[in-house]
Structure formats: C-alpha cells, structure tokens
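Visitor: I would like to go through this structure with you. Could we begin with what holds the ligand and then turn to the strands?
Guide: Certainly; here is the structure.

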Amino acid sequence: MAIPLTVPTISKDMEVAMVNSINSETMVGGESVSRFEEEFARYIGTDYAVAVNSGSSALLLTFYAMRIKVGEGVITPSATFVATINGATSLGGRPQFCEIGNDYVMSIESFRKIWKRNKCRFVIPVHLYGHPCNMDEILAESNEKSIRVVEDAAQAHGAKYKKDRVGSFGDAGIFSFYPTKNMTVGGDGGMVSTNDKHIRDSIIKMRDVGRVTKYTHDEIGYTMRLNSVNAAIGRVQLKYLDDWNDERRKRAQIYYKQLSDCTELILPPMSNNGLYSVYHMYVIRTQYRNLLGAWLFLNHISCAVHYPIPVHRQPAYNKYGLDANLNFTDEWSSSILSIPIYPSLSSEDQAYISQTIRRFFDEKLYESNKVKKYEIEWSRKLI
Ligand SMILES: Cc1ncc(COP(=O)(O)O)c(C=O)c1O
C-alpha cells in the first residue's frame, strides 16, 4: 500500500458526537452549528463565525454580503485553487491576477502594480499551504487605498501572523473543511470569520434561501447551510487542531533537516520571524518535478501538484488572465510537488520518503529510462 499524501483523523469521540447529533438534534440548524460557530470565532479571534457548506460558498456569500458590483476588480494570486476567485467572478467581479513571491503567497509589489493600473475595491490574499501572508503590508496598502480584504484561509486553520490567527485580519476570512484540510467536518464544509455584523447577518440570511421569517424571503438566497452532524464533528476536530498543527510543524522540521543538503531541491519557505505556518502541504520544487513524481509513485509514495494549472491559465478564466505576465507563477506551477505530511505520518515512513527523494538526486535517477517511461503516465494524472 502506498503512503498517502494526506490522512484525515476521525476518532471515537467524533463518531460519538456524530451519532449524538443524529439522535438528538434537528439535522439542519441544530445547536451544534451555533456552538461550532461560537467556538470557531473564539479560536480565530473574531466577533463572529458563520458556518456554511463549503469554502467556495463562504467566498461567494462574503462577496455577496460586500455587494460586489459587476466589473469591479478583485486582486488575487493566480497561484491558488480556482475556488479562491470563483465566488467573486460569478457575481460579476473582474479578477486581476497578481504574482507570488518566493514564499508562494501574494507579492506586495505585484499587488501595488496592479492597483495602479486598475483601482480594485477588493483583494484576496491566500495563505497558501498554511503559510501566512505578510498581513502588515497587505493591510497598510489596503487601508490606504480603501480596499476590502477577504483572507482565503481555506488551507490555514490555526496559522498565525505575529500573534494573531489568520482569518482575523481582513474584513472577513474564509475556511474550508474539505477532508484533506488540517481539520474537517467529515465532508464538505466552510466557515466565514468576521468582525463585521453586516457581513455576518447577510451570510446567515443568504445561506438560508434569503429567509427573514420561516416563509418570507426578501432576497434571492441559496441553500448553503452546514448540516448539524458536520458541525458536531467539526467541534471535536477543533479541539485537536492545535495538537495536529504542532505535529505537522514537527514533521516539516524533519523534512527540512532530512532534505537540506539536497541542493537540487528548493524547500518550502521557513516559518520564522513572526510567521507560524501550519504546513497544510509540504511543497518542494525541482526542475525534474514530473520525473520525481513518477519515481515516488514507483516507490509507493503518494504525491500531488497544488496546482498544475494556475488560475489565469484555466479555460474558465481565458478572458481574464491570459495576458497576465506571471512568469514566476508559471515556473512555480511546473516545478512544485506536494509530498506527504499529516499528523500521523510515522517517522519510519517519513525517513523512507526523504531517502527515496535523496536517492533520486544522488543516483541521477532523472536520467533513468524506467523513470522516464513512467513519467508520461504520471503526468497525465495532473490534469
Ligand atoms: C485556497 C483554497 N480556496 C478555496 C477553497 C474552496 O474550498 P471548498 O473546497 O471547501 O469549496 C479551497 C479548497 O480546496 C482552497 O484550497
């Protein structure tokens, strides 16, 4: 059996919470939902948190609450999952893709440059792979220019910038609980964190079909609620989150040590100087990415690419992005490889992964015909 890339933890107490929820509360809108929201808001450090059925819904409903207008610009990196910008675009927003820096999060210079050309009203910094963006710089720039900030923290539950958790800096933060994330709700789910009561009230209404009373709807809403059973699981997961993040951080440190003298590899940005990454992914870079992926697969190690096609090159974004000059993002997408990291990754498995990667470079296996033969098949899985 291959070593998996990610493994969600579902323990006995989560199973108990799940069964209790099914037996004792209404399946939609049960007490678990409001309790989960209160606990999540307290954890992130915002006045409110509103639970929804996915991170994508969280983004859509946040932009709806902020009354984005057709044609208004939204600055965001192209080096992210496509859902980052889908919500704003589907409401008529116009994506403006910016470049990332060596830390794979938004480059402030690129943000400034784009804003000069197009006075956007919104920005979505993405704490990609659990690595926090430089929120001081982003907030200074945004406050000066009256830009509203929606943090995409879908991959960064518990990450901190200086002393505060990401998701607490902007007008709103969004989270995903998809099962590969640092915490899940046992399926799809999402959350919006905010101090803005207007955003909170709008999302509460719009996730529930625009309802103001049981049968009165004063806006055309959606059904985007989080189910009670998922909230019940999420509440238990949240209690473990800090421990799990510590375990991820320990494993990241081990990778840094085990792979540090592999000169042909670029390791992820270190999380120091006030940055507290939660290593949702451990992403290495190499010019031999597809060959290394094939080699790992041949050695029963799962790996993946997050993301092989940057958003500005997605067919759905053709009309918005192809003229964007994002050379580093293009280079990034062709060289990144996510290797296994999760709290229960054993030290034996991790040592085996590092040894296998080192052998690839030490023995120049990128020249091996066996690996080359397999590369095409492995690459096909990327798209
Ligand atoms: C960076 C980022 N933004 C947004 C999302 C959307 O979340 P969901 O899959 O819960 O809709 C994801 C999920 O994969 C993500 O990784």
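Guide: One term is needed beforehand: a polar contact is a pair of N or O atoms within 3.5 Å. Please also keep in mind that this is a predicted model.

Visitor: Which polar side-chain atom distance applies to serine 56 and the ligand?
Guide: An N or O atom in the side chain of serine 56 is 2.6 Å from an oxygen atom of the ligand, and that falls within the 3.5 Å limit for a polar contact.

Visitor: What about serine 176?
Guide: A polar atom in the side chain of serine 176 lies 2.7 Å from a ligand oxygen atom. At glycine 55 the backbone takes part: one of its N or O atoms is 2.8 Å from an oxygen atom of the ligand.

Visitor: And how much of the ligand does the protein bury?
Guide: The protein buries 92% of the 380 Å² that the ligand exposes when taken alone.

Visitor: How many residues surround the ligand?
Guide: There are 15, and the closest are Gly55, Ser56, Asp152, Ser176 and Lys181. By class, the shell consists of eight polar, five nonpolar and two charged residues.

Visitor: Which helices supply at least two residues each to that shell?
Guide: Helix H3, residues 55-65, and helix H4, residues 83-90, each do so.

Visitor: Now the strands. What is the strand order in the open sheet of seven?
Guide: The order is S1-S9-S8-S5-S4-S2-S3, with mixed pairing. S1 (48-52) and S3 (94-98) each have a single partner strand and stand at the edges, so one side of each lacks a neighbour in the sheet.

Visitor: How do S1 and S9 run, parallel or antiparallel?
Guide: S1 and strand S9 (residues 190-194) run antiparallel and are joined by five bridges. Within this pair, alanine 49 stands opposite serine 193.

Visitor: What pairs with S14?
Guide: Strand S13, residues 282-285, pairs with S14 in the antiparallel sense over four bridges. Isoleucine 284 is opposite leucine 337 of S14.

Visitor: Are the faces of S14 covered or uncovered?
Guide: Both faces are covered: Ile336 and Ser338 are buried on one side, and Leu337 and Ile339 are buried on the other. In a regular strand, side chains alternate between the two faces of the sheet.

Visitor: A last change of topic: where is serine 142 found?
Guide: Serine 142 is in helix H6, residues 135-145. Its relative accessibility is 1%, so serine 142 counts as buried, the cut-off being under 20%.

Visitor: What is serine 142 in contact with, leaving aside neighbours within four places in sequence?
Guide: Serine 142 is in contact with Phe111, Val123, Ile147 and Val149.

Notes. Residues numbered from 1 in each chain as written. Predicted model: local features only at pLDDT ≥ 70, side-chain atom pairs only at ≥ 80, totals over all residues. Heavy atoms only, no water. Near = heavy atom within 4 Å. Polar contact = N/O pair within 3.5 Å; in protein donor to acceptor, adjacent residues only side chain to side chain. Areas by Shrake-Rupley, 256 points an atom, 1.4 Å probe, with all protein chains shown as cover. Nonpolar A, V, L, I, M, F, W, Y, C, P; charged D, E, K, R; others polar. Buried < 20%, exposed > 50% of the residue type's maximum accessible area, 1.4 Å probe, protein only. Pairing = 2+ DSSP bridges. Contact = heavy atoms within 4.5 Å.
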